[in-house]
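Colleague: Please take a close look at the aromatic rings of this model and at the part of the chain that surrounds them. A connected account, suitable for a first-year student, would be most welcome.

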Amino acid sequence: MGLSKRGELRHLEDFYKFIHSEDLEKVVASVSIALEGKEYDIEFRIIDSKGNIRFLREKTKVIFDRNKNPNRIVGIIQDLTEFRTMEENLKAFSEDLINAHRLSGLGSWKYNFMEDKFYGTHGLYQIYGLEPIDIKNNFEELIKVIHPKDRDKVTDAMKEYLKGDAVTLEYRVLQKDGSYKYVLAKGEPLYDKDGQVVEIFGIVQDLTESKILEDKLRKSYNIIAQAEALANIGSWEMDIKNNQLIFSDEAMKIFGLDPEKFNNTYEEFLEIVHPDDLYIFHDMFGYPPKDPFNLEFRFIKPDGSVGYIYQSIEFIFNEEREPILVYGTIQDITEIKELENKLIEK
């Protein structure tokens, strides 16, 4: 709270004065149910004595008397400000990359061989002078806007991707007004656990700005990697249909995984989850939430000890409301949880 004396916070009303106005109702409601004997675990914001906004997590336990009536409430308050601030910074970097795509004419694309579908970002469609509905994720429709003299070059590149080669090529894209753009496309294959190419991921950009954009993007990705390392925050994503799980370098480090030995499958990841927490993931994939959410779970470290993870997650759904992608961030909160356990034991 930013207070120097214990006596400055003697009553519940004194505590309420620090609660952020947008979170006050939630905190008051939680305390009310605690007075009835129900425990709670919530996150909320306060404004400390110096005017700074802090993100807190509060977890309580209700003590009952001999007649099983609630007698006291005890709890632990954890300062999550550093975690939340870094989380917001990482989101801001992601938004910067999206804006960089939009402002500089850069687009991203992915072709899924299993689904025979082509996916592109808004930036890609701007470069091609199309609307997503124009091609309906159909690669053959996309080929039609490639300059006739360059179409063989593009189709040959797709064959090279299937062989497992990364390819960079230049070609021309016809615009609706009859003009055309010179673009640079870069792509590389993604493999399944059997070593088969299942997807191609790449970027496409106006050739005249390629050098500048490559430099900016490289710096942005490096900043994100450095931010993850400094905050001990990792990121990950999973292609649900193809069972492809990708961890960032920092996520690999947090879990103690060897990138050369980990085969990027959901099943192998479950092998390091604490057996008592496996139900969390079974429930999550059984009933995928539509909105972003957070959870905690335990995992087994390479030395056999138990670690704790705080994870933020979001599912992406297709038009049939089926989950096709899930991604998120992880934070190692082992030290915090161990401190909580010691306090509870006391």
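**The aromatic rings and their surroundings**

Modeller: A search of the whole structure finds 21 aromatic pairs. One of them joins Phe-315 and Phe-317, whose ring centres are 6.3 Å apart and whose planes meet at 35°, so this pair is tilted. The model examined here is a predicted one. Phe-315 and Phe-317 are both buried. Phe-317 has a charged companion as well: Arg-321 lies over the face of its ring, at 4.7 Å from the ring centre.

Ring pairs also build a group. They link Phe-247, Phe-255, Phe-262, Phe-269, Phe-281, Phe-297 and Phe-299 into a cluster. Several of these names return when the nonpolar core is considered. The largest core has 28 residues, and those touching the most other members are Trp-236, Phe-247, Phe-255, Phe-269, Phe-281, Phe-297 and Ile-313. At least two residues of this core come from each of the strands β9 (233–239), β10 (244–247), β11 (293–300), β12 (306–317) and β13 (323–332), and likewise from each of the helices α9 (249–255), α10 (266–270) and α11 (278–286).

Phe-297 gives a detailed view of these surroundings. With neighbours within four places in sequence left aside, Phe-297 is in contact with Phe-255, Phe-269 and Phe-281, and further with Val-273, Asp-277, Ile-280, Gly-307, Tyr-308, Ile-309 and Gln-311. A second core, separate from the one above, contains 26 residues, among them Ile-127, Tyr-128, Val-167 and Ile-200.

The strands that supply the largest core can now be placed in a sheet. Five strands form an open, antiparallel sheet in the order β10-β9-β13-β12-β11. At its edges stand β10 and β11, each of which pairs on one side only. On average, neighbouring strands are turned by 25° against each other, direction ignored. The antiparallel strands β12 and β13 are joined by nine bridges, and Ile-316 has Leu-325 in β13 as its bridge partner.

Two helices pack on this sheet. α11 touches β9, β11, β12 and β13, and its direction makes about 145° with that of β11. Helix α12 (residues 334–345) touches β11, β12 and β13, with its direction at about 120° to that of β12.

For context, there is another sheet in the chain. Its five strands are also arranged as an open, antiparallel sheet, in the order β5-β4-β8-β7-β6. The edge strands β5 (117–120) and β6 (167–174) each have a single partner strand, so one side of each is left without a neighbour in the sheet. Here too, the average turn between neighbouring strands is 25°, direction ignored. Strand β7 (residues 180–191) and strand β8 (residues 197–206) run antiparallel and are joined by nine bridges; Tyr-191 has Val-197 in β8 as its bridge partner. Helix α7 (residues 151–162) packs on this sheet, touching β4 (106–112), β6, β7 and β8, and its direction makes about 150° with that of β6. Another charge placed over a ring belongs to Lys-110, whose charged end sits over the ring of Tyr-119, 5.9 Å from its centre.

Finally, some totals set these details in the whole chain. The chain contains twelve helices and 13 strands, and 40% of its 346 residues count as buried. Of the contacts between residues at least 6 apart in sequence, 45% join residues at least 24 apart.

Methods: Residues are numbered from 1 along each chain as its sequence is written. This is a predicted model: local features need pLDDT of at least 70, side-chain atom pairs count only at pLDDT 80 or more; totals for chains, interfaces and linings use all residues. Side-chain values use heavy atoms; hydrogens and water are left out. A nonpolar core is a set of buried Ala, Val, Leu, Ile, Met, Phe, Trp, Tyr and Cys residues joined through side-chain atoms within 4.5 Å. Buried means under 20% relative accessible area, exposed over 50%, partly exposed in between (1.4 Å probe, protein chains only). Helices (H or I, at least four residues) and strands (E, at least two) are DSSP runs, numbered from the N terminus. Contact means heavy atoms within 4.5 Å. Rings of Phe, Tyr and Trp (its six-membered ring) pair if their centres lie within 6.5 Å; planes under 30 degrees apart count as stacked, over 60 as edge-to-face and the rest as tilted. A charge sits over a ring if NZ of Lys or CZ of Arg is within 6 Å of the ring centre and within 35 degrees of the ring normal. Two strands pair if DSSP finds at least two bridges between them. Axes are lines fitted to C-alpha atoms, for helices over the stretch in contact, and angles run from 0 to 180 degrees between N-to-C directions.
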